[in-house]
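Me: Please take a close look at one part of this model. I would like a single helix examined in its setting.

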Amino acid sequence: MRKFTTLEEVSAAAGTEIGTGEWLQVDQERVNAFADATGDHQWIHVDEERAKDGPFGGTIAHGYLTLSLIPYLGLSVYSLETPGAKLNYGLNKVRFPTPVLVGSRIRPVISFGDVTELPTGLQLVVKTTIEIEGSAKPACVAESVVLLLED
């Protein structure tokens, strides 16, 4: 796990792979909890019996569930312990090439993209690819933007 304690360390890591994270199994309980939190109870996510005969042979995780796991999965790869606030600023790009079947294991591969100096700190683009164990295609590819503010 890489720890970044200064804005200079973050800037120096621009354009580099930070690391690969630990595996996380996506279970039906997590998918159901996400469905409850978002109101998205589409049968391909929550109806295990019906989904057996569906296009994926079982229930799948919501794409936005996979996306929402990026901060948690990233904890096994890096930490931003710079002084000052850290803010999610948005997303540049998100794609979901392959659905995550419930019971699958996923993990992140994280790189730092562009780092832009701002009057108040840095803007960092974090590139995350969520791999699915045993799959040639990833579940999610996302570029998130983080603001690292000076103290």
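Reply: What follows is a close look at helix 2, and then at strand 8 for context. The model is predicted.

Helix 2 runs over residues 28-38. Which of its residues are buried? They are Gln28, Val31, Phe34 and Ala35. These residues share the same side of helix 2, because they cover an arc of only 125° around the axis. The spacing fits a general rule. An α-helix has 3.6 residues a turn, so residues three or four places apart point the same way.

The face turned away from the buried side looks quite unlike this: Glu29, Asp36 and Ala37 are exposed there. What covers the buried residues of helix 2? The cover includes helix 3 (43-46), helix 4 (48-52) and helix 5 (63-68). After helix 2 comes Gly39. The phi of Gly39 is positive, near 80°.

Now the annotation. UniProt, in an unreviewed entry, lists residues 12-117 as "domain: MaoC-like". That span is 30% helix and 30% strand. Its end C-alpha atoms lie 12 Å apart.

Next, strand 8, residues 140-149. This strand is mostly covered, with seven of its ten residues buried. Strand 5 (residues 86-95) pairs with strand 8 in the antiparallel sense, over eight bridges. Here Lys93 stands opposite Glu143 of strand 8. Strand 7 (residues 121-132) also runs antiparallel to strand 8, and ten bridges join the two. Leu124 has Val146 in strand 8 as its bridge partner.

Notes:
Residues are numbered from 1 along each chain as its sequence is written. This is a predicted model: local features need pLDDT of at least 70, side-chain atom pairs count only at pLDDT 80 or more; totals for chains, interfaces and linings use all residues. Side-chain values use heavy atoms; hydrogens and water are left out. Buried means under 20% relative accessible area, exposed over 50%, partly exposed in between (1.4 Å probe, protein chains only). Helices (H or I, at least four residues) and strands (E, at least two) are DSSP runs, numbered from the N terminus. Two strands pair if DSSP finds at least two bridges between them. UniProt positions are given in the numbering used here, feature names are shortened, and annotations may be inferred rather than shown by experiment. The arc is that of the directions from the helix axis to the C-beta atoms. Contact means heavy atoms within 4.5 Å.
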